[in-house]
Amino acid sequence: AAAAVQAPNAARLAGVSGPVLNGYAFGGYLIHEGIPVHIDGRADMYREAHLREYVEALEMRQSGGPDALTTRYGITWSILSAGTPAGASLDRFSEWVRVYADDVAVGHRKVKP
């Protein structure tokens, strides 16, 4: 719960704006904070193809993982679960910079949109 508060605040301080790629578990809190999310716990609202694309990207089953998803949807920042391949994968791309990390979440912003 603390990361759900700290990660978006750290991202704001880093100057993020625009669409966010969020971890599924963080969707509800981000909505509560007025941040439009890529996905949230109301899975029935999303097309099956959208859900499949999201899961495959975050499970690193598609080339480029979450970076490919961010390009497709114009996403400019992320809050993903720490300790997962997807959460760490954006560190490998030069256009992404880490702006937050703790035991629960990792946040990045795109520096070359």
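The buried residues of helix H4 pack against strand E1 (20-22), helix H3 (48-58), helix H5 (85-89), E3 and E4. H4 itself spans residues 65-73, and its buried residues are Gly 65, Pro 66, Asp 67, Leu 69 and Thr 70. The model is predicted.

**Thr 70 in H4**

Take one of these residues. Thr 70 sits in helix H4. Its relative accessibility is 1%, so Thr 70 counts as buried; the cut-off for that class is under 20%. Beyond residues up to four places away in sequence, Thr 70 touches Leu 21, Ile 75, Trp 96 and Lys 110. Leu 21 falls within the range of E1 (20-22). Trp 96 belongs to E3 (residues 96-101), and Lys 110 to E4 (residues 105-110).

**Ser 78 in E2**

Strand E2 covers residues 77-81 and includes Ser 78. Which residues does Ser 78 contact, leaving aside neighbours within four places in sequence? They are Val 20, Leu 21, Leu 90, Trp 96, Val 106, Gly 107 and His 108. Leu 21 and Trp 96 thus appear in the contact list of Ser 78 and in that of Thr 70. Ser 78 is buried because its relative accessibility is 1%. Ala 49 lies 29 residues from Ser 78 along the chain, and their C-alpha atoms are 21 Å apart.

**The E3-E4 hairpin**

Strands E3 and E4 run antiparallel and are joined by five bridges. Three residues separate the two strands, which form a hairpin. One bridge partner pair is Ala 101 with Val 106 in E4. Val 106 is also among the contacts of Ser 78. In a regular strand, side chains alternate between the two faces of the sheet.

**Backbone and exposure around H4**

Two residues flanking this helix take a positive phi. Gly 74 comes just after H4, with a phi of about 65 degrees. Met 60 is placed in the loop between H3 and H4. Its phi is positive too, about 60 degrees, although Met 60 is not a glycine. Is Met 60 buried or partly exposed? Met 60 counts as partly exposed, because its relative accessibility is 29%.

The table sets out the three residues with a relative accessibility given here.

| Residue | Relative accessibility | Class |
|---|---|---|
| Thr 70 | 1% | buried |
| Ser 78 | 1% | buried |
| Met 60 | 29% | partly exposed |

Key:
Residues numbered from 1 in each chain as written. Predicted model: local features only at pLDDT ≥ 70, side-chain atom pairs only at ≥ 80, totals over all residues. Heavy atoms only, no water. Pairing = 2+ DSSP bridges. Helix = DSSP H or I, 4+ residues; strand = E, 2+ residues; numbered from the N terminus. Buried < 20%, exposed > 50% of the residue type's maximum accessible area, 1.4 Å probe, protein only. Contact = heavy atoms within 4.5 Å.
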